[in-house]
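I opened a fresh page for this chain. My plan was to look up the contacts, then the cores, then the overall form.

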Amino acid sequence: RTMKLVVKQKRGEQKTLGEVDAKDLDSLKQAFFAQHKKRYSNIDRLAFSIKKSANGKDVFSSIDGAQTFEQLGLQEGSEVLFSYLPPQIGWRTVFVIEYFGPPVIYALFAFFGPLRELAFGENKPLTHVQFVAALCFLGHFAKRILESIFLHSFSKNTMPLMNLFNNTSYYYAFGALIAYTCSHPRYTAPGEMQFMLGVAVFLVGEIGNLICHIMLRNLRTNDNRARPIPRGFLFELVSVPNYTFEIL
């Protein structure tokens, strides 16, 4: 239900910024932005929290849309605290950028002759094991990119832009390390039986991971940001089977 909320500045003296009528986080943002868009230019940088007392200390809880206002204990006339976040970037964009780099780096190490000459001192053709490994790596990240664009639903819209460097450096560095190792002319392949078993386990992991992601996405309907407990499949046995399959 819609309720009137008093919005105060989170920092400093917590001066009152105004009153808004809202029923959830999105409507709260929209109403506050409509009142203050001359001062705050980006609605995605608006953040709200509530203050509670615990053991004699003030504790701030972020309003992230996962809970209703009633579940947060808000009612008519309740106070919410506002802060303006640093420059943000959308989570969907973050994931696409993260996942775009590693397959490009791998493809260059595996198939781009001049780079192979520079990195390895020679440009020998890939063995069949190396070629399949490259396909598996590229396919894995293609799946991740497609899931990020078409499947995943995010609890929050954005993250701080400055965090993007930390996220991408991890993926890009390890992508380069894996690509260099697996594409090296002196790479020693496992036996054929181990190779076939490894490919089979990889495919099981990819398919199982996709099934888990589809199940998690189906838990959220009509852009609901709540986090219900998933049931069925391996969720009955493992807390996060999507990561179990990813480890495989």
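I count a contact when heavy atoms lie within 4.5 Å. The model is predicted, and I kept that in mind throughout.

Entry 1, contacts of one residue. I picked I63 and left aside its neighbours within four places in sequence. I found I63 in contact with L25, F48, S49, I50, F69, L72, L74 and V80.

Entry 2, cores. Which residues touch the most other members of the largest nonpolar core? I got F32, F48, I63 and F69, out of 21 residues in that core. I then listed elements that each supply at least two of its residues: β1 (3-9), β2 (16-22), α1 (25-36), β3 (46-54) and β5 (79-84). The largest share comes from α1, with 5 residues. Apart from this core I noted another, of 15 residues. F120, L126, F137 and F154 are among its members.

Entry 3, fold order. I counted 7 helices and 7 strands in the protein chain. Along the sequence I read β-β-α-β-β-β-β-α-α-α-β-α-α-α.

Entry 4, overall form. The radius of gyration is 24 Å, well over the 18 Å that the globule rule gives for 248 residues, so I record the chain as more spread out than a compact globule. The C-alpha atoms fill a box of roughly 70 × 40 × 35 Å along the principal axes.

Entry 5, burial and surface. I have 38% of the 248 residues as buried. The accessible surface comes to about 15,000 Å², and 60% of it belongs to carbon and sulfur atoms.

Entry 6, charges. I placed 27 positive and 20 negative charges, and their mean positions are 5 Å apart.

Note on methods: Residues are numbered from 1 along each chain as its sequence is written. This is a predicted model: local features need pLDDT of at least 70, side-chain atom pairs count only at pLDDT 80 or more; totals for chains, interfaces and linings use all residues. Side-chain values use heavy atoms; hydrogens and water are left out. A nonpolar core is a set of buried Ala, Val, Leu, Ile, Met, Phe, Trp, Tyr and Cys residues joined through side-chain atoms within 4.5 Å. Buried means under 20% relative accessible area, exposed over 50%, partly exposed in between (1.4 Å probe, protein chains only). Helices (H or I, at least four residues) and strands (E, at least two) are DSSP runs, numbered from the N terminus. The radius of gyration is taken over C-alpha atoms; the globule rule is 2.2 Å times the number of residues to the power 0.38. Accessible areas come from the Shrake-Rupley method with a 1.4 Å probe; for residues, only the protein chains shown count as cover. Lys and Arg count as positive and Asp and Glu as negative; His and the chain ends are not counted. The place of a charge is taken as NZ of Lys, CZ of Arg, CG of Asp or CD of Glu.
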